[in-house]
Amino acid sequence: MKKPILMLAMAGLALSSPVLADTYRATNWLQPIHTLNSEPYQKFSKELDKATQGRIAFTVYSGGTLVPAKATLQALRDGTAQLGIVYPGYTPAELPLNNVLVDLGFLVKDPMAAAFAYTEINLRDKDLIQEWQKQGVLFAGGYSTPSYNFMCVKPIRNLADMKGKKIRTAGGTQTDWVSSAGGVPVSVPIGDVYTGLARGSIDCTMAEVPNLINSKFIEVAKSITRLDMGTVPGATYVLNPAFWKDLSAGDKKLMVTQMAKGLADQQIAYAARAKQALQEAEGKIEIIQPDQDLKDALQKFRASYIKALPQDSMKERRIKDPSSLIARYSELEAKWHDLLEKTDRNDAQAVAALLEKELYGKVDLNTLVAQ
């Protein structure tokens, strides 16, 4: 009699237990405290678990503990991870069209509008969609950093101050700009910038404003020059297609809704972090408003840069003329700027609702292509 009783007890336990979540892997090469991890990954994964009542749960592997940044595309393609953050600049050969959009980041003045324009064009443009599909992955959402400034141990106030300065750049357009202004571009991994500034092996770094506190540059820099030198966009959410295909239609809809909220959270938090960084900088380092000649030099560079971008892209990235892609992106950035001007940018629910209305609500849940 004991065996049937035991089996009945186990059956009753199974019936009374909550549905166990399917646990998936999300890879994020940034540290948990970084805005692009804490908001759209750590917070997102908790809210998605709750929204799906435990049917979808992600374990977030941070700081490259699952795979390094440059291997993220491969990991998503082969199923090592089901979700990951991708910066196209790390894989320029695989994502040449997206790297044209990265180049356009140098011209950005509204980071939130840029993030949503980058998201929309990657969900709508057939060439960009095919670029992701060729890599065996699905794009689902993007980001834009806050504006880049100079953070220096030897202050930059004017164009003359640029001459001979060793300035760390993230490559590409930043390198061309620094060279054109008389500086010496230096390629240094972001993790080595703190030491470089402290030891004097570099004079300055170009970095997004939150890095004053995110990367603790405030401890070694003597000044920040408030010359806004564009932003850097990328893909917050890239998915493994097999994972996405296996989800129910209802769970796909819930996940898309949570991704819209994740993008809203990340951009609001990024802006808040930039504001906090500048507040903390007051009284600790010099906050410099650049002289007019430096602003004029930047404007002149931008004008020549955008004019040459299509031809340079065809030559360097071996792609067809991207002029129409550039024009479409510019139109979308202007569109999102106008939409956001009518929205409370500090209200995550309002921003997420705007994304749902204008974009995510028009996405085919099977293909992740906006209609």
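The following legends describe several views of a predicted model of one protein chain.

**Figure 1. Overall view of the predicted chain, with its 15 helices and 13 strands**. The radius of gyration of the chain is 23 Å, and the globule rule gives 21 Å for 371 residues; the two values are close, so the chain is as compact as a globular protein of that length. Measured out along its principal axes, the C-alpha trace spans about 90 × 45 × 40 Å. Of the 371 residues, 53% count as buried. The surface that the chain exposes amounts to about 16800 Å², and carbon and sulfur atoms supply 54% of this area. Contacts between residues at least 6 apart in sequence show how the chain folds back on itself: 75% of them join residues at least 24 apart.

**Figure 2. Close-up of the largest cavity, which has a volume of about 70 Å³**. Rolling a probe the size of a water molecule over the atoms shows where empty space is left. In this structure there is one cavity of 30 Å³ or more. The residues that line the largest cavity are Asn122, Leu123, Ile129, Trp132, Gln133, Val137, Leu138, Phe139, Thr367, Leu368 and Val369. At least two lining residues come from each of three elements, namely helix H5 (111-124), helix H6 (126-134) and strand E4 (138-144). The largest share, three residues, is supplied by H6. What is the chemical character of the lining, counted as nonpolar, polar and charged residues? Eight of the lining residues are nonpolar, three are polar and none is charged.

**Figure 3. Close-up of the second largest pocket, which holds about 450 Å³ of space**. The lining of this pocket consists of 19 residues, and those nearest its centre are Pro111, Pro146, Tyr270, Ala271 and Ala274. Helices H5 and H12 (249-281) each contribute at least two residues to the lining. Which helix gives the most to the lining of the second largest pocket? With eight residues, H12 does so. By class, the lining comprises ten nonpolar, three polar and six charged residues.

**Figure 4. Close-up of helix H4 (residues 96-104) and the elements that cover it**. Nine of the nine residues of H4 are buried, so the helix is largely enclosed by the rest of the structure. These buried residues are Pro96, Leu97, Asn98, Asn99, Val100, Leu101, Val102, Asp103 and Leu104. Which elements cover the buried residues of H4? The cover includes H5, H6, helix H8 (173-180), strand E10 (233-239), helix H13 (292-317) and helix H14 (323-341). H5 and H6 were also named for the largest cavity, since each supplies at least two residues of its lining.

**Figure 5. Close-up of Lys261 in helix H12**. Is Lys261 buried or exposed? The relative accessible area of Lys261 is 11%, and buried means under 20%, so this lysine counts as buried. Apart from its neighbours within four places in sequence, Lys261 is in contact with Lys43, Glu47, Ala348, Gln349 and Ala352. The helix that holds Lys261 is also the one that gives the most residues to the lining of the second largest pocket.

**Figure 6. Close-up of two loop residues with positive phi, Gln53 and Lys216**. Gln53 is found in the loop between helix H2 (35-51) and strand E2 (56-62). Phi of Gln53 is near 55 degrees, a positive value in a residue other than glycine. With a relative accessibility of 65%, Gln53 counts as exposed. Lys216 lies in the loop between helix H10 (211-214) and strand E9 (223-225). Although Lys216 is not a glycine, it has a positive phi of about 60 degrees. The relative accessibility of Lys216 is 47%, and this residue counts as partly exposed.

**Figure 7. Close-up of Asp78 in helix H3 (residues 72-78), shown together with Gly105**. Asp78 has a relative accessible area of 46% and is partly exposed. How many ångströms separate the C-alpha atoms of Asp78 and Gly105? The separation is 30 Å, for two residues that lie 27 residues apart along the chain.

Technical notes: Residues are numbered from 1 along each chain as its sequence is written. This is a predicted model: local features need pLDDT of at least 70, side-chain atom pairs count only at pLDDT 80 or more; totals for chains, interfaces and linings use all residues. Side-chain values use heavy atoms; hydrogens and water are left out. On a 1 Å grid over the protein atoms alone, a cavity is a set of points where a 1.4 Å probe fits but cannot get out, and a pocket is an open set with protein on both sides within 12 Å along at least five of seven lines; lining residues have an atom within 4 Å of a point. Grid points are joined across faces, edges and corners, and a volume is the space filled by probe spheres set on the points. Helices (H or I, at least four residues) and strands (E, at least two) are DSSP runs, numbered from the N terminus. Ala, Val, Leu, Ile, Met, Phe, Trp, Tyr, Cys and Pro count as nonpolar, Asp, Glu, Lys and Arg as charged, and the others, Gly among them, as polar. The radius of gyration is taken over C-alpha atoms; the globule rule is 2.2 Å times the number of residues to the power 0.38. Buried means under 20% relative accessible area, exposed over 50%, partly exposed in between (1.4 Å probe, protein chains only). Contact means heavy atoms within 4.5 Å. Accessible areas come from the Shrake-Rupley method with a 1.4 Å probe; for residues, only the protein chains shown count as cover.
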